[in-house]
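User: Please examine the structure below with me. I should like to see the reasoning behind each label that is applied to it.

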Amino acid sequence: MKKIVLSGMRPTGKLHIGHLSVIDNWINLQEEFDTNFFVADYHALTTQFDDTSMLQENIRNMMIDWLAIGLDPEKSTLFIQSQIKEHAELYLLFSMITPLSWLERCPTYKGQIDQFREQQGKDITTHGFLGYPLLQGADILLYLANFVPVGEDQLPHLEITREVARRFNHIYKTDLFPEPKGLLAKVPLLLGTDGRKMSKSYNNYINIMSETDEISSKVRSMITDPKRIRKDDPGNPDVCTVYSYQKIYNHEDVVEIEQSCKAGTIGCMDCKKKLISSLDRLLGPIREKRHSIEDNKKYIDDVIEFGREKAKVKAQINIEKIKEAMNLI
Ligand code: TRP
Ligand code: SF4
């Protein structure tokens, strides 16, 4: 039997190039594992409960982006969290055995509450937000997942998931739940095109769907070494945002770029052109694939329905076992 991999992503709008390496990592797992990837729409509600006007559009766009990048609905189970009611049911069952203190001391809890209050004047001290890691634990354990590819920021949630699994197994004298492990891929940390943290509110990221001229204008607006005035001034790539992108998207030429920048033999405009063309080479095929499927309503509906059926079978089998262990059935 293949080991089980599961991960999810909140539908926060169209994906940007920072997400690309995350999805590529998921794609690489498709052959070796039983892979399950879902759009975490319940999780989106933990912070965006007050404005759901874009939710359906965002969910669908996320699914379309995944397909365009290359996730395969035949190889993976691709589904939408809220379509599988067992996520909500398991979350409730887990809430009975989870000490409040485990959730209260989760570092993302206090951190995010402060961040939302400071940045948006918004109070997210809801029951649902406190329960965020537990809902995530339910997502993972519902499929008896062994591995969870996530970013480092998610590790506290995985720790809680393992604690819940252990506690459940102990209380109900079972070995039903594995203790899922995080799979940390080397996801490069990308800065925004303005050198600040990448953020929607700064509009400083490159969308996966960007057309060539949009890639071009974003790259042209990037800050280079500010001390470089003339084209043949020696530059310092380490302080240059363009260079931080070259390291990722022009990996093969990066030594040459570094040397010619330091020697003042390449101008920033030529350097940017190199980046523009390699980004365009990378995103072009994804863009084309997206264009070819995005208006095919039936195809997207079918993919979503197919994933729902596959996920439902797994979830129903497992929730039965879980409820049996608890003497609920
Ligand atoms: N919290 C995750 C994030 O923000 C999304 C998520 C929800 C998730 N449920 C999950 C990830 C289960 C992995 C497994 O990235
Ligand atoms: Fe940055 Fe390239 Fe200009 Fe050097 S030549 S400062 S790496 S843009």
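Analyst: What follows is a set of questions and answers on how particular descriptions of this predicted model are reached.

User: Why is phenylalanine 168 called buried?

Analyst: The relative accessible area of phenylalanine 168 is 1%. The term buried applies under 20%, so phenylalanine 168 qualifies. This residue lies in helix H9.

User: What makes the contact between phenylalanine 168 and tyrosine 172 an aromatic pair, and why is it called tilted?

Analyst: Their ring centres are 4.7 Å apart, and rings pair if the centres lie within 6.5 Å. The planes make an angle of 55°. Stacked requires under 30 degrees and edge-to-face over 60; the pair is therefore tilted.

User: Is tyrosine 172 buried or exposed, or does it fall in between?

Analyst: Tyrosine 172 has a relative accessible area of 24%. Buried means under 20% and exposed over 50%, so tyrosine 172 is partly exposed.

User: Which residues form an aromatic cluster with these two, and how many aromatic pairs are counted?

Analyst: The cluster consists of Phe94, Phe168, Tyr172 and Phe177. The count of aromatic pairs comes to 12.

User: How far is phenylalanine 168 from isoleucine 97 in sequence and in space?

Analyst: Phenylalanine 168 and isoleucine 97 are separated by 71 residues in sequence, and their C-alpha atoms are 7.4 Å apart.

User: How far apart are threonine 108 and proline 156, and why is threonine 108 called partly exposed?

Analyst: In sequence they are 48 residues apart; from C-alpha to C-alpha the separation is 7.6 Å. Threonine 108, in helix H6 (residues 107-120), has 24% relative accessibility. That value lies between the limits of 20% and 50%, so the label is partly exposed.

User: What are the corresponding separations for aspartate 194 and glutamate 32?

Analyst: Aspartate 194 and glutamate 32 are 162 residues apart in sequence and 39 Å apart in space, C-alpha to C-alpha. Aspartate 194 is placed in the loop between E5 and helix H10 (212-220). Its relative accessible area of 27% is neither under 20% nor over 50%, so aspartate 194 is partly exposed.

User: How do you know that strands E1 and E2 pair?

Analyst: Pairing requires at least two bridges. Strand E1 (residues 4-9) and E2 are joined by 6 bridges and run parallel, so the criterion is met. Within this pairing, serine 7 has phenylalanine 37 as its bridge partner, while glycine 8 has phenylalanine 38.

User: What makes E2 and E3 a pair as well?

Analyst: Strand E2 (residues 34-39) is joined to E3 by 4 bridges, and these strands run parallel. At least two bridges are needed, so E2 and E3 pair. Phenylalanine 37 stands opposite leucine 78 in E3.

User: Why is E2 described as largely enclosed, and how are E1 and E3 covered?

Analyst: In E2, 5 of the 6 residues are buried, so the strand is largely enclosed by the rest of the structure. E1 is mostly covered, with 5 of its 6 residues buried. Strand E3 (residues 77-80) is covered on both faces: Thr77 and Phe79 are buried on one side, and Leu78 and Ile80 on the other.

User: What is notable about the backbone of lysine 173, and why is this residue called exposed?

Analyst: Lysine 173 has a positive phi of about 45° although it is not a glycine. It is placed in the loop between helix H9 (155-171) and strand E5 (181-183). Its relative accessible area is 74%; exposed means over 50%, so the label follows.

User: Which values describe asparagine 327?

Analyst: Asparagine 327, in the segment after helix H14 (297-325), has a positive phi of about 60° without being a glycine. Its relative accessibility is 69%, which is over 50%, so asparagine 327 counts as exposed.

User: Which residues surround ligand 2, and what space does ligand 2 take?

Analyst: The surrounding residues are Thr224, Asp225, Arg228, Cys240, Val242, Tyr243, Cys261, Cys268 and Cys271. Helix H11 (241-249) and helix H13 (268-294) are the elements that give two or more residues to this shell. The space taken by ligand 2 is the largest cavity.

User: What is the make-up of the shell around ligand 2 by class?

Analyst: The shell has 6 nonpolar, 1 polar and 2 charged residues. Cys, Val and Tyr count as nonpolar, and Asp and Arg as charged.

Key. Residues are numbered from 1 along each chain as its sequence is written. Chains are lettered from A and ligands numbered from 1 in the order in which they are written. This is a predicted model: local features need pLDDT of at least 70, side-chain atom pairs count only at pLDDT 80 or more; totals for chains, interfaces and linings use all residues. Side-chain values use heavy atoms; hydrogens and water are left out. Buried means under 20% relative accessible area, exposed over 50%, partly exposed in between (1.4 Å probe, protein chains only). A residue is near a molecule or strand if one of its heavy atoms lies within 4 Å of it. On a 1 Å grid over the protein atoms alone, a cavity is a set of points where a 1.4 Å probe fits but cannot get out, and a pocket is an open set with protein on both sides within 12 Å along at least five of seven lines; lining residues have an atom within 4 Å of a point. A molecule sits in a cavity or pocket if more than half of its atoms lie within 2 Å of its grid points. Rings of Phe, Tyr and Trp (its six-membered ring) pair if their centres lie within 6.5 Å; planes under 30 degrees apart count as stacked, over 60 as edge-to-face and the rest as tilted.
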